[in-house]
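Let's take a quick tour of a protein model, stopping at a few spots worth a closer look. Have the 3D view open and follow along.

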Amino acid sequence: MNAIVTGATRGIGKAIAVKLAETGYNLALCSRNVDELEQVAQDLKHTNARIFTHRADCSIKTEVYDFCNAVQQEFESIDVLVNNAGIYLPGLLLDEADDQFEKQINLNLNAVYYLSKFFGKMMREQQKGHIFNICSIASKQIVENAGSYSVTKAALLSLNHVFREELSKYNVKVTAILPGSTLTSSWEGTAIPHERFVQPDDIAKTIHTILNLSSGVNVDEVTIKPLQF
């Protein structure tokens, strides 16, 4: 089976890539950093999975479609798409520069739209496949000092629901993952004990579990929050 993971070189994306490779998936991975992509591919050699890497800035439409076309040439079919690439830029809507909102829209929402359309059409023809969108608890509640981020993640959850509705007719599944505070590089230097965070591997294991449910079941969305935070 073949899977795509965007933003796959660190944090949640890397954990998902590792889990999928270890459980029998070939991978197509993208990131903005070539060196980090090569390192992930090296880290996954022990799995014997076929690893295709492609440098792409998913905030740029042309680079997203370059990645899509490259993957289509590399793999005849796609079983799983994980839209993980995203960005969090703190700030108040009233005070932030316009481009702060635009950057987050481009990466957190537009990239998912392009990728899901491209590979969703492939899955529609295949009559099978599963798309996962890494949303956030900010998809349902406004996060303090993260106005633009909250807007983009709320829109992403809505986009997820629309794709799920359209693709369910073709036996294609779509699932939103809504993590709370997760131990990624954005929390580097925090004094909060690491065990109090959601771990990236928790999200990877959740996706793996969902992929192994019966064929007639779709998990619409999953919220994963720290027990105490």
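Is Ala 3 buried or exposed? Ala 3 is buried: its relative accessible area is 0%, and the cut-off for buried is under 20%. Keep in mind that this is a predicted model. Below, we start with Ala 3, then look at some helices and finish with two loop residues.

**Around Ala 3**
- You'll find Ala 3 in strand E1.
- Leaving out residues up to four places away in sequence, Ala 3 touches Leu 20, Tyr 25, Asn 26, Leu 27, Ala 28 and Val 80.
- His 130 sits 127 residues along the chain from Ala 3, yet their C-alpha atoms are separated by 9.3 Å.

**Helix H3 and its two sides**
- Helix H3 runs over residues 61–74, which makes 14 residues. At 1.5 Å a residue it should span 20 Å, and its end C-alpha atoms are indeed 20 Å apart, so the two agree.
- Which residues of H3 are buried? They include Val 64, Phe 67, Cys 68, Ala 70 and Val 71.
- Those buried residues cover an arc of only 165 degrees around the axis, so they lie on the same side of H3.
- Here's the handy rule behind that kind of pattern: an α-helix has 3.6 residues a turn, so residues three or four places apart point the same way.
- Flip to the other side of H3 and you meet Thr 62 and Gln 73, which are exposed.
- What covers the buried residues of H3? The cover includes strands E1 (2–6), E2 (26–31) and E3 (51–55), plus helix H4 (98–126).

**Where H1 meets H6**
- Two packed helices are described by the angle between their axes and the distance between the axes.
- For helix H1 (residues 11–22) and helix H6 (residues 200–211), the axes come within 8 Å and cross at roughly 45 degrees. That angle makes H1 oblique to H6.
- The crossing of H1 past H6 is right-handed.
- On the H1 side, the residues in contact are Gly 11, Ile 12, Ala 15, Ile 16, Lys 19 and Leu 20. Their partners in H6 include Pro 200, Ile 203, Ile 207 and Leu 211.

**Two loop residues with positive phi**
- Gln 127 isn't a glycine, but it has a positive phi of about 65 degrees. It's in the loop between H4 and strand E5 (130–134), and it is partly exposed, at 40% relative accessible area.
- Asn 145 isn't a glycine either, and its phi is positive at about 60 degrees. Look for Asn 145 in the loop between E5 and helix H5 (147–167); it is partly exposed, with a relative accessible area of 38%.

How values were computed: Residues numbered from 1 in each chain as written. Predicted model: local features only at pLDDT ≥ 70, side-chain atom pairs only at ≥ 80, totals over all residues. Heavy atoms only, no water. Helix = DSSP H or I, 4+ residues; strand = E, 2+ residues; numbered from the N terminus. Expected span 1.5 Å × (residues − 1). Buried < 20%, exposed > 50% of the residue type's maximum accessible area, 1.4 Å probe, protein only. Arc of directions from axis to C-beta. Contact = heavy atoms within 4.5 Å. Axes fitted to C-alpha atoms, helices over the stretch in contact; angles between N-to-C directions. Parallel < 35°, antiparallel > 145°, perpendicular 65-115°, else oblique. Left-handed = near helix turned anticlockwise from the far one by under 90°.
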